[in-house]
Amino acid sequence: MQRDPKTNTVGYAIVQISPDLITLLESEAPPQFSNLDSGNAPVHQTRNDTIGPGDVLQVAIYEVGSALFSPPLIGMAPGNNAIPSSSSSSSLPLLSVNSAGNITVPFAGQVHVAGLTTSQAVEAITAQLKGKSQSPQVMVRIATDIANSVMVYGAVQHPSRISLTPNRERILDVIALAGGQDHPAQAHEDYTVRLTRNGRIAEMPLKTIEIDPQQNIVVQPGDRVQLTFQPRSFTVFGASGRVTQTQFTTPTLTMAEAVSRNGGPIDSRADPNAVYVFRFENADILRRLGMPVDQNATTAPIIYQLDMMNPASFFLAQKFMMRDRDLIYIANSSSNKFYKFFGLITTIISPGTSMGGIAR
């Protein structure tokens, strides 16, 4: 822990990387889509062929004999005894399902259709026309499907509302229907899928969904699927071969790989006892480490330290997994203070030495 709490205004802690810490970090399980799949969705949302508020229906009615919906025959004069056609059909204007789940059908009045399939809606309309129309035959089609749809947006080529079908589309299906990733050449590990369902949210790398069929769950009406493109990177400071920000470019990256990518510690400058990883860690992990964390906090700062003088630390560095925006700091050795001072003195006196040589 930080020795002087009064100077620790950020509230961080320094923790040695150990086998127990590696085990604890590996046990952390982020929210999975398979957990959301068991959510308590309303019954009418468990199918993709039901009618809901906001939908627009096309209703056609076929009648036998005297028709309620067909207009009088053109050219038929009053008193004309011409026999009308034995059957007629009429397509009603498009009908919108209101917030109460009803549509208004002429001569039938309000008909509740929310939660019904089109076949069930046919039966409901037919039942209310009986006794008013002779042998009515009704057909219902969903012209605009709002209730059975999901929103797909973010880093896709065609953000849009995707209508679902009884085929039960999955996460990868609706992303493909939205055109797929907007940077198809980039690694799928740099894409994150955010699923919002019934007020619950889960995020997961696109690559994880592709390799784990259990996470490629069936989407439900009302889901919101957001695809985010954010290349993962880490930064290395201090006594390393390079001080730079580096992208992962691989699905996973260990601390050992991250340090080696930047040239590793400089032997003449680095302190092998003090290699640090700065991170905003999950608050639950910090609580399990026994650290005080605000009860409303989801993350908190922490510093992990690795002692490279201990041979076992090389194995730990191969197990410690890097995360997006981690910062590695390789401290300078105490002896390097002399070299910094010597360099500063050399910088100051070098111009005078050069001028003295020229005067001679």
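Which residue just after H3 takes a positive phi? Hold that thought until point 5; here are my notes, and bear in mind that this is a predicted model.

1. Overall make-up. The protein chain has nine helices and 17 strands. Of its 360 residues, 36% are buried. Looking at contacts with a separation of 6 or more, 65% are between residues 24 or more positions apart. The chain exposes about 20500 Å², and 56% of that comes from carbon and sulfur atoms.

2. The largest nonpolar core. This one has 33 residues, and the members touching the most others are Ile17, Met255, Tyr304, Phe320, Met322 and Ile328. Quite a few elements chip in at least two residues each: on the helix side H1 (19-27), H6 (255-261), H7 (283-288) and H8 (312-317), and on the strand side S13 (233-238), S15 (270-282), S16 (299-306) and S17 (327-332). There is also a second, separate core of 23 residues, with Ile171, Val174, Ile209 and Ile217 among them. As background, nonpolar side chains in soluble globular proteins tend to be buried together.

3. Two spots worth a click. Start with Ile328: setting aside residues up to four places away in sequence, Ile328 touches Thr235, Val236, Phe237, Ala258, Val259, Val275, Tyr276, Val277 and Met322. Then go to Thr254, in the loop between S14 and H6. Is Thr254 buried or exposed? Its relative accessible area is 11%, under the 20% cut-off, so Thr254 counts as buried. Leaving out neighbours within four places in sequence, Thr254 is in contact with Ala317, Gln318, Phe320, Met321 and Met322.

4. Aromatic pairs. The structure holds three of these, and I'll go through two. In the Tyr191 and Phe229 pair, the ring centres are 5.0 Å apart and the planes sit at 45°, so the pair is tilted. Tyr191 belongs to strand S10 (residues 191-197) and Phe229 to strand S12 (residues 224-229), so this pair ties together parts that are 38 residues apart in sequence. The two partners differ in cover: Tyr191 is buried at 0% relative accessibility, whereas Phe229 is partly exposed at 24%. Next come Phe234 and Phe248, with ring centres 6.1 Å apart and planes at 65°; that angle is over 60 degrees, so the pair is edge-to-face. Phe234 is in strand S13, while Phe248 is in the loop between strand S14 (244-247) and H6, so the parts being tied together are 14 residues apart in sequence. Here both Phe234 and Phe248 are buried.

5. Helix H3, and back to the opening question. H3 (residues 118-129) has 12 residues. From first C-alpha to last, H3 reaches 17 Å, close to the 16 Å expected at 1.5 Å a residue. Which residues of H3 are buried? They are Ala121, Val122, Ile125, Thr126 and Leu129. Viewed down the helix axis, these buried residues fall within an arc of 130°, so they line one face of H3. What they pack against is a set of strands: S2 (56-64), S5 (102-105), S6 (109-112) and S7 (137-144). As for the residue I asked about, it is Gly131, just after H3, with a positive phi of about 85°.

Conventions:
Residues numbered from 1 in each chain as written. Predicted model: local features only at pLDDT ≥ 70, side-chain atom pairs only at ≥ 80, totals over all residues. Heavy atoms only, no water. Helix = DSSP H or I, 4+ residues; strand = E, 2+ residues; numbered from the N terminus. Buried < 20%, exposed > 50% of the residue type's maximum accessible area, 1.4 Å probe, protein only. Contact = heavy atoms within 4.5 Å. Areas by Shrake-Rupley, 256 points an atom, 1.4 Å probe, with all protein chains shown as cover. Core = buried A, V, L, I, M, F, W, Y, C linked by side-chain atoms within 4.5 Å. Phe/Tyr/Trp six-rings, centres within 6.5 Å; stacked < 30°, edge-to-face > 60°. Expected span 1.5 Å × (residues − 1). Arc of directions from axis to C-beta.
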